[in-house]
Amino acid sequence: MQILQNLVEMTGHRDHVRLEVSVLSTMQQLPHVTNVRALELSEQAEGTLIRPRTWLQDGEILSSDCEASSDQRGQPLHTLPPLAECIQQARSSARHSDGPHHHVLWLPVWMHNKARTCLEITQSRPFSTQRIEVLQGIFRVYQNYQSLLDYSERDALTGLLNRKTFDEQFIRFASLEANASVAAAPHSLSDEVPQQWLAVVDIDHFKQVNDRFGHLFGDEVLILVANLLRASFRTQDRIFRFGGEEFVILLRAASLKEAHQVFERFRKTVESHAFPQLGQITVSLGFTSTRLCSPVEILGQSDQALYYAKQHGRNQVCHYESLVAEGALGHQVAHDDVELF
């Protein structure tokens with residue numbers, strides 16, 4: 001009866017993070033379960049990396065969205081041979097026992113023939129046939145409902161978050177920053193204090209790619225850039241495709257120097273990547289702090305920095321506040337002077 005109540009609660013969520021926390025909480029309540037985690041898989045140059053996205057800590061389920069959580073470091077997928085073999089063979093589950101009181105079950109979440117996440121359940125006793133049936137039943141309900149959410153929230157081509165999910169994610173980021181501001185008091189939020197950043201990314205000369213090679217090849221470039229974005233940022237950051245060749249990044253908990261380094265590293269990653277037939281492409285990026293402004297203003301500021309980058313050679317990263325301080329963009333616009341269009 002308790003499981004049914006948990007399933008009802010689980011399917012009442014309209015958010016991937018809350019849904020993930022809910023399914024892990026449901027599994028955690030089963031007898032002999034000692035640990036539960038949701039793992040994220042990302043493709044990188046050196047191979048597939050796997051890292052926790054939601055996990056059990058001190059009896060509480062935390063996710064990379066939680067203020068109390070720290071960035072959980074990843075590990076190469078090949079360090080978990082049973083799971084690596086399961087992913088390679090596109091199987092629905094994998095098991096491993098490491099001693100009499102440590103038994104692990106992995107359930108990959110397959111979306112569009114790719115496993116981007118995986119649920120991990122650890123028990124103090126071996127998994128019985130009945131227990132596996134119960135866990136797989138809960139998992140199927142979770143996976144089906146997640147697919148429905150994914151369909152409405154994800155860009156169909158790249159699998160990144162779409163434009164309509166931006167406002168909700170931005171509000172969540174703003175809430176985290178407000179808490180960080182309180183924690184930082186009585187010190188002011190200087191450039192050295194970790195804060196949140198918004199960046200707008202645009203692929204340079206993308207129209208020429210479509211004109212020369214066709215839209216199907218252009219779509220392939222967008223998919224490859226999306227993969228590089230996933231590999232370049234952490235689980236608590238958020239990446240969106242706003243349309244066309246434009247992407248938006250919400251970067252959490254970084255100083256100005258760190259944010260600039262992260263965005264510059266991504267720019268170099270794209271520049272050094274070998275794209276089939278095309279060879280090399282580049283991106284331009286404009287970014288700004290998310291504090292004290294509305295989403296419309298912040299997007300506008302990042303767009304101005306991006307426009308400056310594209311007008312001054314492309315393939316570079318520009319910071320809005322720095323451009324304003326240098327006089328490159330004129331005086332900063334006051335909040336009540338913003339014109340919406």
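# Getting to know a predicted model

Student: Which strands does α8 lie across?

Tutor: In this predicted model, α8 lies across β8, β10, β11 and β12. Its direction is at about 165° to that of β11.

Student: And what order do the strands of that open sheet come in?

Tutor: The order is β9-β10-β8-β11-β12, five strands with mixed pairing. On average, neighbouring strands of this sheet are turned by 20° against each other, direction ignored.

Student: Which strands stand at the edges?

Tutor: Those are β9 (238–243) and β12. Each has a single partner strand, so one side of each is left without a neighbour in the sheet.

Student: How do β9 and β10 run, parallel or antiparallel?

Tutor: Antiparallel, with five bridges joining β9 to β10. To find the pair by eye, look for F240, which stands opposite V248 in β10. As a bit of background, strands of a sheet pair through backbone hydrogen bonds, either parallel or antiparallel.

Student: Is there a hairpin to look at too? Which strands form it?

Tutor: β2 and β3 do, with two residues between them. Strand β2 covers residues 47–57 and β3 covers residues 60–63, and the two pair in the antiparallel sense over four bridges. One partnership to look for is T54 with S63 in β3. In the turn, D58 has a positive phi of about 55°.

Student: Why would anyone point out a positive phi?

Tutor: Because most residues other than glycine have a negative phi. Two further residues to look at are Q277 and R314: Q277 has a positive phi of about 65°, and R314 has one of about 60°. Neither Q277 nor R314 is a glycine.

Student: Where is Q277 found, and is Q277 buried or exposed?

Tutor: Q277 is in the loop between α8 and β11. With a relative accessibility of 67%, Q277 counts as exposed.

Student: What about R314, where is its place?

Tutor: R314 sits in the loop between α9 (295–311) and β12. R314 is partly exposed, at a relative accessible area of 31%.

Student: Changing topic: which residues of the largest nonpolar core touch the most other members?

Tutor: They are I203, V221, L229, F233, F263, F266 and F287, out of 33 residues in that core. The elements that each supply at least two of its residues are β8 (195–203), α6 (206–213), α7 (215–232), β10 (246–254), α8 (256–272) and β11 (283–289). The largest share comes from α7, which gives eight residues. In general, nonpolar side chains tend to be buried together in soluble globular proteins.

Student: Let's zoom in on V221. What is V221 in contact with, neighbours within four places in sequence aside?

Tutor: V221 is in contact with I203, F206, V209, F275, L278 and I281. There is also a second, separate core of 24 residues, which includes L24, M27, V33 and V109.

Student: I noticed Q143. Where is Q143 found, and is Q143 buried or exposed?

Tutor: Q143 is in helix α4 (residues 129–153). It is buried, with a relative accessible area of 16%. Leaving aside neighbours within four places in sequence, Q143 is in contact with P108, V109 and W110. V109 is one of the residues in that second core.

Student: OK, cysteines. How many disulfides does the count come to?

Tutor: Zero. For C86, the nearest cysteine sulfur is that of C118, 7.0 Å away.

Student: Why is there no bond for C118?

Tutor: A disulfide needs the two sulfur atoms within 2.5 Å. The sulfur of C118 is 7.0 Å from its closest cysteine sulfur, in C86, which is too far for a bond. Both are tucked away: C86 is buried, with a relative accessible area of 0%, and C118 also counts as buried, at 0% relative accessibility.

Student: Last thing: what pLDDT does the chain average?

Tutor: The average is 84, and 83% of the residues score at least 70. Confidence is highest in strand β12 (residues 317–319), at a mean of 97, and lowest in helix α1 (residues 2–10), at 62.

Student: And where does pLDDT stay under 50?

Tutor: Residues 182–189 are one such stretch, with six contacts beyond four places in sequence in the model. Residues 331–341 also stay under 50, and there the model has 10 such contacts.

How values were computed: Residues numbered from 1 in each chain as written. Predicted model: local features only at pLDDT ≥ 70, side-chain atom pairs only at ≥ 80, totals over all residues. Heavy atoms only, no water. Buried < 20%, exposed > 50% of the residue type's maximum accessible area, 1.4 Å probe, protein only. Pairing = 2+ DSSP bridges. pLDDT = per-residue confidence, 0-100. Contact = heavy atoms within 4.5 Å. Core = buried A, V, L, I, M, F, W, Y, C linked by side-chain atoms within 4.5 Å. Axes fitted to C-alpha atoms, helices over the stretch in contact; angles between N-to-C directions.
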